[in-house]
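Subject: The structure for you to look at

Hi there,

Here is the structure I promised to pass on. Please open it next to this email and follow along as you read.

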Amino acid sequence: MATSSLSILGTSSKPTSTPIHEPDLPNPSTALLLNKNGSPKSPHQKPTTTIIFISLLLITCIALSASIAFAFLFFSSSSQAPKIPLQSTIRPLQKLQQPVVILISSDGFRFGYQFKTQTPNIHRLISNGTEAEMGLIPVFPTLTFPNHYSIATGLYPAFHGIINNYFTDPITGERFSMQSKEPKWWLGQPLWETVVNHGFKAATYFWPGSEVNKGSWNCPSKYCRHYNGSVPFEERVDTVLGYFDLPSNEIPVFMTLYFEDPDHQGHAVGPDDPQITEAVARIDSMIGRLIQGLEKRGVFEDVTIIMVGDHGMVGTCDRKLIFLDDLAPWIEIPKNWVQSYSPLLAIRPPAGYSPSDVVAKMMEGLTSGKVEKGTNLRVFLKEDLPERLHYAASERIPPIIGLVEEGFKVEQTRSKKPECGGAHGYDNAFFSMRTIFIGHGPQFARGRKVPSFENVQIYNMITSILKIQGAPNNGSSSFANSILLPS
Ligand SMILES: [Zn+2]
């Protein structure tokens, strides 16, 4: 598998902001003694002892003031800089026999939501753990199933096979949907399979792909929940906590915990509605419930909690719409060519049509100035997409992919349906698509901030914490280890 070559990947904590730029003070020794402009203040031909004494006194005073100012600026900036981790190696386990990782997903938790309201529990994890300071970068397309499965496998969608929330296999004509559980769709090796392959227990309280039988993982009823969105969040948290009451050799070393919020609200009302604030507060209270339960059992400091989202959210108001029917003067795009519309436009023309001709005609129309909002959609042959999207190397990806500008949507026909709400699925370069990454536990430095990274790095991070050999993937082991404290 290709190794990610993100230029934005960093390998160390955010550099401490250096004690700012030097103040623009004139050099006192030259400013006082020399005056190039021949100012009337220094007309003396024969400086007396008194003048020399006063000058020296002034120089001393200015030098002292400058050093005090420097000291003040240095210490005040130091106190604002990210905390330097005090410990440099992994903290030993106090109670558990082996490392345990709880991987939590809060669906659609856009980066920045953590500041919508008081989130004391999330901030407790942040301040005592390691955070992607400017958020976690989802994979493209920034959709729920592709991203959750990238987090679980360390693979880009082209390699793990879940290239969209729904798609058609071009060879068999079979359709994948979010209810599809046949192993043939789900490629790669998800964490729960890696864990049980090593003889450990894994438990999933919902995660896309977790109900699929793969390798030695058969979704055992004791440890694997079948998706049911109506299960109260409290029950999910309490079930995960209950695993810590099992005999030590039965405690799963890897657990997932999934919450549908705030994605659910984000789609309905967009990212800026008070409903999002409420949903974020509720997620925070679930994190609080988990922390308290772990503390009660004396294992909070032993357990590794990794809290992430799958993608962000952006508002889709203001009629930012592009209609495929408007392209008819250049090329007709029938509905049955289109596998998905928005934000990921995916088109597979039938045999006999040249995809590159279709792209050329669509682009001619979109750039003609005659298609409403047309310049906000760019259509590519998949192999011509920017390489950073890693969205070509699978037969399942249709040959023609359209990228829309942030907040825009593609539809077939004009309609009167309401357009205001929120969406995701856009280019993962959009900041609004970013989500959160917080790691808290024995191998995460306290108070550390790291630069943004892609979620395919998480698989290696977890296998490293669990000290098991992971399957080949698109993440980099050296990057994952640079986020973790050495053992
Ligand atoms: Zn989602």
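To begin, in what order do the seven strands of the open sheet come? The order is β5-β6-β1-β7-β16-β2-β17, and the pairing is mixed. Before going further, please keep in mind that this is a predicted model.

**The seven-stranded sheet**

At the edges of this sheet you will find β5 and β17 (448-450), each of which pairs on one side only. Ignoring direction, neighbouring strands are turned by 15° against each other on average. For a closer look at one pair, try β7 and strand β16 (residues 437-440), which pair in the antiparallel sense over four bridges. There, methionine 307 stands opposite isoleucine 438 in β16.

Helix α3 (residues 120-127) packs on this sheet, where it touches β2 (130-132), β7, β16 and β17. The direction of α3 makes about 70° with that of β16. Another helix to find is α9, which lies across β1, β6 and β7 and runs at about 165° to β1.

Now turn to helix α7 (residues 233-242). Which of its residues are buried? They are Phe233, Arg236, Val237, Thr239, Val240 and Leu241. These buried residues pack against β1 (101-106), β5 (202-205) and β6 (254-259), and also against α9 (274-296).

**The four-stranded sheet**

There is also an open sheet of four strands, in the order β10-β11-β13-β12, with antiparallel pairing. Its edge strands are β10 (338-340) and β12 (377-381), and each of them pairs on one side only. Neighbouring strands here are turned by 25° against each other on average, direction ignored.

β10 and β11 run antiparallel and are joined by two bridges. If you click on valine 338, you should see isoleucine 347 of β11 standing opposite. Helix α10 (residues 355-366) packs on this sheet and touches β11, β12 and β13. The direction of α10 makes about 165° with that of β12.

**The nonpolar cores**

A bit of background for this part: in soluble globular proteins, nonpolar side chains tend to be buried together.

How many residues does the largest nonpolar core have? It has 55, and those with the most contacts inside it are Phe254, Ile306, Tyr391, Phe437, Phe453 and Ile462. Several elements give two or more residues to this core, including β1, α4 (144-153), α6 (191-197), β7 (304-308) and α12 (477-483). The largest share, six residues, comes from α11. The core draws at least three residues from each of domain 1 (100-315 + 429-483) and domain 2 (321-419).

Tyrosine 391 is a good residue to zoom in on. Leaving aside residues up to four places away in sequence, tyrosine 391 touches Phe140, Pro141, Ile163, Leu344, Lys382, Leu385, Ile397 and Ile401. Apart from this core lies another one, of 42 residues, with Leu96, Met255, Val303 and Ile436 among them.

**The disulfides**

How many disulfides does a search of the whole structure find? It finds two. With the bonded cysteines numbered in sequence order, the pairing is 1-2, 3-4.

One disulfide joins cysteine 219 to cysteine 224, with an S to S distance of 1.9 Å. This link is left-handed, with -75° about the S-S bond. Are its two cysteines buried or exposed? Buried means under 20% relative accessible area. Cysteine 219 has 7% relative accessibility, so it counts as buried. Cysteine 224 has a relative accessible area of 2%, so it is buried as well.

The other disulfide joins cysteine 317 to cysteine 420, with an S to S distance of 1.8 Å. Its torsion about the S-S bond is about 140°, so this disulfide is right-handed. The pair links distant parts of the chain, 103 residues apart. Cysteine 317 sits in the loop between β8 (314-315) and β9 (321-323), and cysteine 420 in the loop between β14 (409-411) and β15 (422-423). Cysteine 317 is partly exposed, with a relative accessible area of 26%, whereas cysteine 420 counts as exposed at 53% relative accessibility.

Happy exploring, and write back with any questions!

Best wishes

Technical notes:
Residues are numbered from 1 along each chain as its sequence is written. This is a predicted model: local features need pLDDT of at least 70, side-chain atom pairs count only at pLDDT 80 or more; totals for chains, interfaces and linings use all residues. Side-chain values use heavy atoms; hydrogens and water are left out. Buried means under 20% relative accessible area, exposed over 50%, partly exposed in between (1.4 Å probe, protein chains only). Contact means heavy atoms within 4.5 Å. A nonpolar core is a set of buried Ala, Val, Leu, Ile, Met, Phe, Trp, Tyr and Cys residues joined through side-chain atoms within 4.5 Å. Domain bounds come from an automatic or database domain assignment. Two strands pair if DSSP finds at least two bridges between them. Axes are lines fitted to C-alpha atoms, for helices over the stretch in contact, and angles run from 0 to 180 degrees between N-to-C directions. A disulfide is a pair of cysteine sulfur atoms within 2.5 Å.
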